[in-house]
Amino acid sequence: MAEVKLPIEDETLDIETGEPQVQESSDEESRPDIPSELNILPLRDSVIYPMLIAPLSVAREAGVQLIDESIVGNNRVIGVVAQRQPQDENPGFDDVYDYGCAVIIRTLVKMPDAVRLIVQGVSRFRIVERIHEAPYLRAKIEVLDEITSPLEKSEEVEALRRSVAALFEQAIRLSPQLPDELRTLTQAVQETNVMTDLVAAHMTLSVEDKQKILETAEIQERLRALLEMLSKEVRVLELTSKVQSEVNTELSKSQREYYLREQLKAIQRELGEVDDRTEELDELRQKMDESQMSAEALKEANREYDRLRRMNPGAPEYTVARTYIDWMISMPWGKSTDDNLDLAHVKEVLDHDHFGLDKIKERIIEFLAVRIVKADGKIRQPILCFAGPPGVGKTSLGKSIAQAMGRKYGRISLGGMRDEAEIRGHRRTYIGALPGQIIQGLRRAETNNPVFVLDEIDKLGSDFRGDPSSALLEVLDPEQNSTFRDHYLDVPFDLSKVFFITTANRLDTIPPALRDRMEIIELGGYTEEEKIEIAERHLTPKQVDEHGLKPSQIGFKRESIQRLVRFYTREAGVRNLEREIGSVTRRATRMFAEGHKGKVTVTPKFVESVLGAPRFIQDEVVSREMTPGTAVGLAWTPVGGEVLFIETAKMPGHKGLIVTGQLGDVMKESVTAALSYVRSHADTLNINPDFYDKMEIHVHVPAGSVPKDGPSAGVTMLTALTSLLTNRKVKPRLAMTGEITLSGQVLPVGGIKEKVLAANRAGVNTLIMPDQNEKDYLEDVPPEIRERLKAHFVKHAEQVLRLALEKPTKSN
């Protein structure tokens, strides 16, 4: 390390603090001459004023060369100018301010990484001409002398000086960064201009503000500018001090409360008294020990409990921790109910609550039979999905199963649910967080093995908040749900003992992965006889009771219920039937309210007087005129089966095929496939081969405002087109269903039970169905319906046409 010790006159550098110091001597003769050309040294984040001594560290190559050449040339006076952007490594004239301070180098020490200087400010200057920028900046300057104020303004200058001194003293008192020794500086320095520069140098002002003070030569304006800056800085310091004082006060208050509370506890222990909070915490501790939590859950609960004990009840986190512990305590970790294993009693309860539904009842009894035989070991709970049209009793059946098995019952509706947190819960970091609906349902049920119904699983939605159906994959998987982890509880909870039942109107909207986890039991619509039985056993007693009547006051004849079923409702379930029975019962209630005496007997005539003319035609197929080109098909909808009338017409023209009736793409393709089969077998069917060149064919499916789709009307389209082109009528009271291929094969379709029931309601007595659907017909359709119908099962289109069309006459 090389050190060059230059002679210093009146040097007063504070080595320990490194702060800029004022040169106390005012001897003008000690000021060196300032040449008209100066080497310019750019400074980062620093502004030097005249008469001030400051340490500098020069590390940039250009700056080191500037210092070396200045010392070698025996020119210790250089110019220092602040950079506009401190991050610039190689600043030019455009990157520095035009105003700076000429300084004299008093001490120079060369270090391995930089050159350390002590400089003293001499005078302000302004750059008037740029000489060169390389290897360092050099410019012609104009020295700016101090401008003294006129005598008449001396009082104003003194007032400004005193204001600056007062604010500076206030800033020293408020700022921990300014040492108390600086309080005397404003009194020790008599020159106003030097005092102004000294205050600006010591205050934590921005480079822009300090540069503004340097550039202001007139002392009065300089004082005004500094006074404004000091006022702003003092306001900020006062506000900072106020905030810190409030924080310290709050902390002191909390600490004081804590110590007093601890002392109070000690006093109460000595006196044998206990406060309410201690009792509350002891009660929580007892409940936690009795809750039969798993080891992991108890560990998490203990951690929150320890936090709760150390927490101030007024703290915001106190309520969060207390609510969490309450949830953990209230969960049924080890509480379960014993299943009723009396199979005869279970069957009796199920039969009492619901008529029919034999498949589901048998499945429940089989599960209980396994419980009886397998006394030891874990038994996998079934996860059932009841799929069927509305109103057939899917949801109420879940409650009946719970009652029959002796279990608690829980239910949540999934219809329209779009937030994954509804299933898994919210994390405790959110305000107002709660567990998901699964955990909430188990808490309400108060057991860990209830019958839990997830209603309308086919109507789940998804959006930016997540996909609830994906969250249900874990809930409804027996291999995973034993460690179900709700986001709120954040500990595993065993769902494997829960008997989950889901309900759906249609299966195609349920994701395949979720559908694969459930045992699907399809519930078809009710037959007319079943509806009458349900009405007599359940619906009429329920409506009579709800309307405040007694069975001795009103009686329903069987033929009146039959009339309600046939002519006033057309549905797969019994909801509308119950509404109509309610309408009839309300009329009887009104009669009693108006003074009627005696029993009201509901006859078919009474029903018509209340509900008006019949809304539906029972034998719809019989009432429709069957002309050539018209055929009757069968369709499945989410609310049951329907009868479709397919009409065709031909006319001269060249537009080809016209299809109307709001048909979907699949149904339109069925029409095209049927027409292609007819054209390719025109000779066999005795049809003119060039018929398509001379005429247009229009296919229409009435009820044009109702959208229709699906492949099951293929054979009906083929029959209607063949009937039109051969001028042969379709046999009366005949309906059909099945998908057709271009080669004429008839493929199986779904919804056989619903379609057959719809055909029976419409007056059909002959059915044509695919051969592969014969097993569905025999298994699902009730025997009393099969006895009324004659069913033909076919494999090929030739069989369909032979069975469906009347024999050709000689005129054909």
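**Exercise 1.** In this predicted model, find which strands helix H14 lies across, and give its angle to E11.

*Solution.* Step 1: locate helix H14, which covers residues 437–445. Step 2: look at the strands beside the helix; H14 lies across E10 and E11. Step 3: compare directions; the helix runs at about 140° to E11.

**Exercise 2.** Determine in which sense E10 and E11 pair, and over how many bridges.

*Solution.* Step 1: find strand E11 at residues 451–455. Step 2: follow E10 and E11 from end to end; they pair in the parallel sense, over five bridges. Step 3: take one residue as an example; Ile412 has Leu454 of E11 as its bridge partner.

**Exercise 3.** Work out the strand order of the open sheet that contains E10 and E11, and name its edge strands.

*Solution.* Step 1: list the five strands across the sheet, which gives E10-E11-E14-E9-E15, with parallel pairing. Step 2: pick out the strands that pair on one side only; these are the edge strands, E10 (409–413) and E15 (519–522). Step 3: add the twist, which averages 20° from one strand to the next.

**Exercise 4.** Identify how strand E8 pairs with E3 and with E7.

*Solution.* Step 1: start with E3 (residues 37–43) and E8 (residues 137–144); they run antiparallel and are joined by four bridges. Here Leu38 stands opposite Ala139 in E8. Step 2: turn to E7 (residues 115–132), which pairs with E8 in the antiparallel sense over seven bridges. Glu129 has Lys140 in E8 as its bridge partner. Step 3: trace the chain from E7 to E8; a hairpin joins them through four residues.

Definitions and conventions:
Residues are numbered from 1 along each chain as its sequence is written. This is a predicted model: local features need pLDDT of at least 70, side-chain atom pairs count only at pLDDT 80 or more; totals for chains, interfaces and linings use all residues. Side-chain values use heavy atoms; hydrogens and water are left out. Two strands pair if DSSP finds at least two bridges between them. Helices (H or I, at least four residues) and strands (E, at least two) are DSSP runs, numbered from the N terminus. Axes are lines fitted to C-alpha atoms, for helices over the stretch in contact, and angles run from 0 to 180 degrees between N-to-C directions. Contact means heavy atoms within 4.5 Å.
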